[in-house]
Amino acid sequence: RLWRRITDKIGQSRPSISLNHLLVDTASMKLITHPRNFDVVVTENMFGDILTDEISVLAGSMGLIPSASLGVSNKGIYEPIHGSAPDIAGKSCANPAGSILSAAMMLRYTFGEEQAAAEIEKSVEIWIEKDDLTPDLGGCATTADVTRSVVQFL
């Protein structure tokens, strides 16, 4: 109820933004069946973690997805959605795109560096198109290979 009161209050001050309240099970279904209908999802941590893991399959891998936990100011916590992935730690097969794209989000939202963020995002796009992918996407590139490629495209 606290979430609903706060979002309703904020929503009333921004009439140009469409606000819809959904229960998590309905949100889960709609995210999978109509993902383009969502720009922003505001939820608490546990449901957010579950929903982002679920929706990442549409992009192809949890390794691709950045996240931001933002407060009232422009400061936030930026991280990939996949967590620490202890099952692949030390194997050089983790997809670094989520971490790299999280840094792009930080540049955009905390530091106001839109151009730098866009350039990083474009470099990740070029890497994906190059098709030198990590194992989570069906390739055999290492974490370092991908990082080098993205830096090269920058």
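The legends below describe an overall view and several close-up views of a predicted model.

**Figure 1. Overall view of the predicted model, with six helices and two strands****.** From the N terminus on, the elements are arranged as α-α-α-β-β-α-α-α. Along the principal axes, the C-alpha atoms occupy a box of roughly 45 × 35 × 25 Å. The protein has 154 residues, of which 25% count as buried. Among contacts with a separation of 6 or more, 48% are made by residues 24 or more positions apart.

**Figure 2. Close-up of T7 in helix α1****.** Helix α1 spans residues 2-12. T7 counts as buried because its relative accessibility is 19%, and buried means under 20%. The side chain of T7 reaches back to W3, where the backbone oxygen is 2.8 Å away. With neighbours within four places in sequence left aside, the contacts of T7 are with L19 and H21.

**Figure 3. Close-up of the second largest pocket****.** The space in this pocket comes to about 230 Å³. Its lining includes S61, M62 and G63. H82, A85, D87 and I88 also line the pocket, as do C93, A94 and N95. P135 and D136 complete the list of lining residues. Sorted by class, the lining has six nonpolar, four polar and two charged residues.

**Figure 4. Close-up of S92 in the loop between β2 and α4****.** Strand β2 covers residues 76-80, and helix α4 covers residues 97-109. The phi of S92 is positive, at about 55°, although S92 is not a glycine. Most residues other than glycine have a negative phi. S92 counts as partly exposed because its relative accessibility is 46%, which lies between the limits of 20% and 50%.

**Figure 5. Close-up of the cysteines C93 and C140****.** What number of disulfides does a search of the whole structure find? The search finds zero. C93 is in no disulfide, and the cysteine sulfur nearest to that of C93 belongs to C140, 12 Å away. For C140, the closest cysteine sulfur is in C93, and the 12 Å between the two is too far for a bond. A disulfide would need the two sulfur atoms within 2.5 Å. C140 counts as exposed because its relative accessibility is 72%. C93 is also one of the residues lining the second largest pocket.

**Figure 6. Close-up of G112 in the loop between α4 and α5****.** Helix α5 runs over residues 114-130. G112 is exposed because its relative accessible area is 58%, and exposed means over 50%. N74 is 38 residues from G112 along the chain, and the C-alpha atoms of the two residues are separated by 8.9 Å.

**Figure 7. Close-up of V150 in helix α6****.** Helix α6 consists of residues 143-153. Is V150 buried or exposed? V150 counts as buried because its relative accessibility is 4%. Not counting residues up to four places away in sequence, V150 touches I100, S123, V124 and W127. V150 and A97 are 53 residues apart in sequence, and their C-alpha atoms are 8.8 Å apart in space.

Terms used: Residues are numbered from 1 along each chain as its sequence is written. This is a predicted model: local features need pLDDT of at least 70, side-chain atom pairs count only at pLDDT 80 or more; totals for chains, interfaces and linings use all residues. Side-chain values use heavy atoms; hydrogens and water are left out. On a 1 Å grid over the protein atoms alone, a cavity is a set of points where a 1.4 Å probe fits but cannot get out, and a pocket is an open set with protein on both sides within 12 Å along at least five of seven lines; lining residues have an atom within 4 Å of a point. Grid points are joined across faces, edges and corners, and a volume is the space filled by probe spheres set on the points. Ala, Val, Leu, Ile, Met, Phe, Trp, Tyr, Cys and Pro count as nonpolar, Asp, Glu, Lys and Arg as charged, and the others, Gly among them, as polar. Buried means under 20% relative accessible area, exposed over 50%, partly exposed in between (1.4 Å probe, protein chains only). Helices (H or I, at least four residues) and strands (E, at least two) are DSSP runs, numbered from the N terminus. A polar contact is a pair of N or O atoms within 3.5 Å; within protein, one must be able to donate a hydrogen and the other to accept it, and residues adjacent in sequence count only if both atoms are side-chain atoms. Contact means heavy atoms within 4.5 Å.
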